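Dear colleague,

Please find below the structure that I promised to pass on to you, followed by some notes on what was found in it.

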Amino acid sequence: MNTFDYIIVGGGTAGCVLANRLTADPSVSVLVIEAGGDAITDAVESPSRWNELLLTDLDWAYMGVPQPGLNGRQVYSASGHGIGGTSNIYHMIHTRGRREDYDSWAAQGVEGWSYDDVLPYLQRLENQHDDTNPTGGKGGPINVTNAGDLGNPVSRGFIEACTELGYQEVADFNVDNEGAGWHHVDVVDGKRSGVYAGYFEPIRERPNLTVVCRAMASRIVLDGKRATGVEYIKDGIAVTALAEREVLVTSGTIQTPKLLMLSGIGPEEHLSSLGIELKHALPGVGQNLQDHPLVIGPIGYLAEPADPPRGNVTEVALFCKSDESQPVPDLEICLVHRAPFGPKFFESVIQRVQTGQPVGNATELVDPHVVLMLPGLVRPVSRGAITLKDADPASYPNVDCNYFGDETDLERTVDMIEISRRIFATKTFAEGFGLNELSPGPEVTTRDALRSWVIENVGSYYHFVGTSKMGADPLSVVDARLKVHGIEGLRVCDASVMPTIVSANTHTTTVMIAERAADFILGRG
């Protein structure tokens with residue numbers, strides 16, 4: 001009989017965490033349904049080769065809808081596909097959300113999600129190797145190391161350039177969130193330390209764990225207002241699996257609302273327009289989409305070639321405020337100390353999407369003199385939505401992040417470019433490294449010209465959250481214990497439940513959410 005205690009829909013970042021924690025009890029049976037495969041590549045394990053993973057089988061490779069705020073441009077967005085999910089392709093940057101982020105969730109009515117509430121779960125996932133963070137976890141599945149241990153000279157130069165401009169140097173962004181410093185990274189012994197290695201590999205042979213890959217979930221099976229199972233398509237055949245206790249959706253911010261809507265759970269008018277029978281009206285499903293807009297550049301050219309890539313390549317950052325009204329830094333500027341691609345690389349991305357070529361084949365574009373900034377707006381105001389194209393489970397949904405829908409997001413992003421250019425113009429870079437700016441370039445001098453340049457060069461940080469948000473307001477989808485409002489036996493346990501995006505890279509918070517969910521499910525929290 002195809003019956004399990006729990007069914008986990010999505011074997012990505014959150015799904016691997018839940019699978020690990022739930023199967024720790026040998027009497028509990030768990031099925032994981034994953035649309036991708038269960039194997040990773042050498043490029044996943046190698047921290048510096050993340051560029052080779054884009055547009056491969058490990059990437060859903062979404063192409064967003066045309067964006068009015070970007071003059072109709074479409075934005076390519078990576079998202080993990082396969083066991084381990086986005087944890088296989090992220091840059092391994094280990095930043096928790098800020099105290100103010102989590103406290104704001106609690107202030108929005110999500111009881112039990114303040115910083116003090118979630119800190120034990122952040123600590124549970126961490127195995128921090130140094131002692132720069134007094135609250136850093138020890139002994140958890142995710143190894144956390146200091147990128148500064150590799151001593152990369154260009155990255156060190158970035159920190160010195162920031163201090164030259166008056167920014168403070170910080171030892172750990174999870175302690176001091178404003179200033180320049182080395183990232184802590186999910187890397188150990190020269191290998192990625194994501195959820196695949198930390199949570200999945202140690203348990204993959206447990207007899208109470210069943211993993212079905214290359215299987216697309218098509219709908220949640222409902223008996224009235226209770227979830228009783230999941231239908232999925234495997235090798236062209238529809239299969240139904242039953243859950244005696246709960247169905248746990250961990251398909252991610254884009255696929256989770258898609259599955260809920262295909263199951264008849266969502267906005268009534270939208271589902272009706274596609275001929276999907278409404279089973280339970282939840283107008284917030286797919287709404288509240290948030291992402292961190294990311295700019296590719298400024299791009300610099302060093303007088304001498306940089307050292308070969310070390311670590312995760314994005315080893316350093318500056319967190320700062322666009323103005324003092326911000327409760328925490330809203331700007332994050334990272335440096336890629338030796339770009340694994342040249343200045344023509346990003347011009348080729350759309351072409352490669354359209355022709356199905358993996359980005360890893362773009363080796364002819366590598367130039368060891370090229371370094372680049374990656375400025376990201378970590379407190380955006382704009383909100384978008386995920387909607388269905390049609391009722392076919394195989395169809396990609398519409399991804400509409402509404403970049404720069406709020407004009408202040410554009411203005412603060414331009415602020416980041418101005419700061420980045422000042423960093424490149426410091427004595428540290430201009431004289432010490434002989435750096436010349438390739439892009440935007442010397443001809444771009446006015447604020448208006450920079451706005452136009454940003455609009456043409458902004459993309460996604462791949463930090464999607466919010467489309468099944470926690471709360472008690474009319475647009476919330478789950479309650480504070482991650483149960484879908486109005487449906488028994490159904491929870492959402494991934495990044496889509498964040499009411500607002502954290503002011504940091506989102507991976508660590510996503511793992512924390514899944515750790516917290518496991519306790520809820522097992523009656524321990």
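The second largest cavity has a volume of about 40 Å³, where a cavity is a set of points, on a 1 Å grid over the protein atoms alone, at which a 1.4 Å probe fits but cannot get out, and a volume is the space filled by probe spheres set on the points, which are joined across faces, edges and corners. Its lining residues, those with an atom within 4 Å of a point, include Gly 64, Val 75, Asp 400, Cys 401 and Tyr 403. By class this lining has five nonpolar residues, three polar and one charged, with Ala, Val, Leu, Ile, Met, Phe, Trp, Tyr, Cys and Pro counted as nonpolar, Asp, Glu, Lys and Arg as charged, and the others, Gly among them, as polar.

This is a predicted model, in which local features need pLDDT of at least 70 and side-chain atom pairs pLDDT 80 or more, while totals for chains, interfaces and linings use all residues. Residues are numbered from 1 along each chain as its sequence is written, and side-chain values use heavy atoms, without hydrogens and water.

The structure holds three cavities of 30 Å³ or more, and the largest encloses about 50 Å³. Cys 401 and Tyr 403 are also among the residues lining the largest cavity, whose lining comprises six nonpolar, two polar and two charged residues.

Elsewhere, Thr 314 is buried (under 20% relative accessible area, 1.4 Å probe, protein chains only), at a value of 1%. Among its contacts (heavy atoms within 4.5 Å) are Trp 50, His 183 and Leu 374.

Best regards

How values were computed: 1 Å grid on protein atoms, 1.4 Å probe; cavity = no way out; pocket = protein on both sides within 12 Å on 5 of 7 lines; lining within 4 Å. Buried < 20%, exposed > 50% of the residue type's maximum accessible area, 1.4 Å probe, protein only. Lists of a residue's contacts leave out its neighbours within four places in sequence.
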